[in-house]
Amino acid sequence: MNKWLLITGCVASFSAFAAAPQELLRQYEAQARQENAAFAGFSAARGATFFKTERTRSDGQTASCATCHTADPRNPGRTRANKVIEPLAPVANPLRFTDPAKVEKWFGRNCKDVLERACTAQEKGDFIQYLIDLK
Amino acid sequence: MKKWMQFLILFGSVSAAGTLLASGGGEGDGGRALPPVSNARWKAECSSCHMAYHPGLLPERSWRRIMAGLDRHFGENAALDAPTAADIEQFLVANSADRQPARRSQRILQSIPPGAAPLRISETPYFRAKHDEISPATFKRKSIGSPANCSACHQGAEKGDFSERLVKIPR
C-alpha cells in the first residue's frame with residue numbers, strides 16, 4: 001500500500017513540474033507574437049543555421065553553439081573546463097527542455113556569451129524546434 | 001609453521017602496512033582530505049561546467065570576488081539568480097580557507113600575499129609550488145585540458161582528497 005502511494009506520489013509530482021518541450025515552445029510562441037506582430041511560426045531550418053553560425057565576438061574570439069555542444073547536438077559536448085555536457089537533442093537526452101527555469105538560465109548565459117546580447121523568443125523557438133525535430 | 005599461521009602473519013603485516021600508508025605517514029603535502037562539505041545549490045550550480053571546488057581551497061576574499069563577477073566568469077557568463085547566488089556565497093565563505101582548520105587550507109591561505117585575492121586556485125603560490133614539476137604541455141593534454149580539471153589527475157579531488165598517493169597523471 002505504502003509503496004503504491006509513494007509511486008503514485010512520485011509520478012504525480014514529476015508531471016506537475018516537468019513540462020513537455022512542446023509546452024515550452026507554446027510559451028515562446030506567445031512571447032514571439034508580442035515581440036513581432038508578423039510572427040510566422042518557428043523553423044527548424046533557421047534553428048539549425050542559428051546553432052552552427054560562428055560569430056566573432058568583440059574580443060576577437062569566434063563562438064557558436066556548436067563550439068561546446070559539437071556540430072551534432074545528439075552527441076555530448078564539453079565545457080571549456082573539460083566537463084561533459086549531456087546532449088542537447090531530446091532524442092538523446094529526454095530531460096532537455098522539460099525544465100523552463102533551466103532553459104531560461106542557459107539561454108540567458110549562453111546568448112550573452114555567443115551573441116553578446118539576449119536571444120529573441122523567435123531565436124529560442126527556432127533553436128528548440130530544430131533540436132526536438134532531430135531523430 | 002602451519003599454513004594458516006603463515007597466512008595470518010602475512011595478512012597481519014599487509015594490513016599494518018596498509019594502515020601506515022592510509023594514515024598518510026611521511027606525506028609532507030598537507031595530509032588528509034579536506035572535511036566533506038555539502039550544499040545542494042553549490043553542488044548543482046558550480047559543477048555544471050567544472051568540478052565543484054572545495055570552498056577550503058580559496059580564502060573568503062577570493063570567493064567574494066568570484067561571486068561578484070559571475071557574469072564574467074573566466075570568459076563565460078555564469079550568472080545566477082540572486083537568492084541562489086546569496087546561498088552559495090554564504091556557504092563558500094563559511095567553509096573558506098580562512099575558516100578551515102585543515103592543514104592544506106591553511107597552507108594555501110598562508111601562501112597568498114595579504115593584499116591578493118586570486119580568482120583561480122591554480123594562481124595561488126601553494127598550487128604553483130605543488131605543481132612545479134608538471135609542464136604546461138602536460139596540463140594541455142586532451143585527457144586533462146587545463147589546471148582547472150583537478151579530477152583528471154587527483155582521483156580523490158571530488159572528495160577533497162588531494163594526497164599524492166591518489167595522483168595518477170593520464171597520458
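In this predicted model, chain A and chain B bury about 1200 Å² between them, and 38% of that area lies on carbon and sulfur atoms. On the chain A side, R80(A), K83(A) and R109(A) together supply 41% of the area buried against chain B, more than any other three residues. The size of an interface is often given as the accessible area lost when the parts come together. Counted by residues, the contact draws eleven from chain A and 17 from chain B.

**Charges and polar pairs**

What holds the eye next is the chemistry of the contact. Across the interface of chain A and chain B, the rule finds three salt bridges. One pairs the side chain of K105(A) with that of E45(B), at 2.6 Å from N to O. Ten residue pairs are also found in polar contact across the interface, both partners being at pLDDT 80 or more. Sorted by class, the side of chain A that touches chain B has seven charged residues, along with two polar and two nonpolar ones.

**Cysteines**

Now to the sulfur atoms. How many disulfides does the structure hold over all chains? There is one. This bond joins C111(A) to C119(A), with the two sulfur atoms 2.0 Å apart. The torsion about the S-S bond of C111(A) and C119(A) is about -100°, so the disulfide is left-handed.

Is C111(A) buried or exposed? C111(A) is buried, because its relative accessible area of 4% falls under the 20% cut-off. C119(A) is buried by the same cut-off, with 9% relative accessibility.

C49(B), in contrast, is in no disulfide: the nearest cysteine sulfur belongs to C68(A) and is 8.4 Å away. C49(B) counts as partly exposed because its relative accessibility of 21% lies between the 20% and 50% limits.

Why is C153(B) not bonded to C150(B)? The closest cysteine sulfur to that of C153(B) is in C150(B), and the 9.2 Å between them is too far for a bond, because a disulfide needs the sulfur atoms within 2.5 Å. C153(B) itself is buried, at 13% relative accessibility.

Here are the accessibility values for these four cysteines, side by side.

| Cysteine | Relative accessibility | Class |
|---|---|---|
| C111(A) | 4% | buried |
| C119(A) | 9% | buried |
| C49(B) | 21% | partly exposed |
| C153(B) | 13% | buried |

Technical notes: Residues numbered from 1 in each chain as written. Chains lettered and ligands numbered in written order. Predicted model: local features only at pLDDT ≥ 70, side-chain atom pairs only at ≥ 80, totals over all residues. Heavy atoms only, no water. Contact = heavy atoms within 4.5 Å. Buried area = accessible area lost by both parts, 1.4 Å probe. Salt bridge = Lys/Arg side-chain N within 4 Å of Asp/Glu carboxyl O. Polar contact = N/O pair within 3.5 Å; in protein donor to acceptor, adjacent residues only side chain to side chain. Nonpolar A, V, L, I, M, F, W, Y, C, P; charged D, E, K, R; others polar. Buried < 20%, exposed > 50% of the residue type's maximum accessible area, 1.4 Å probe, protein only.
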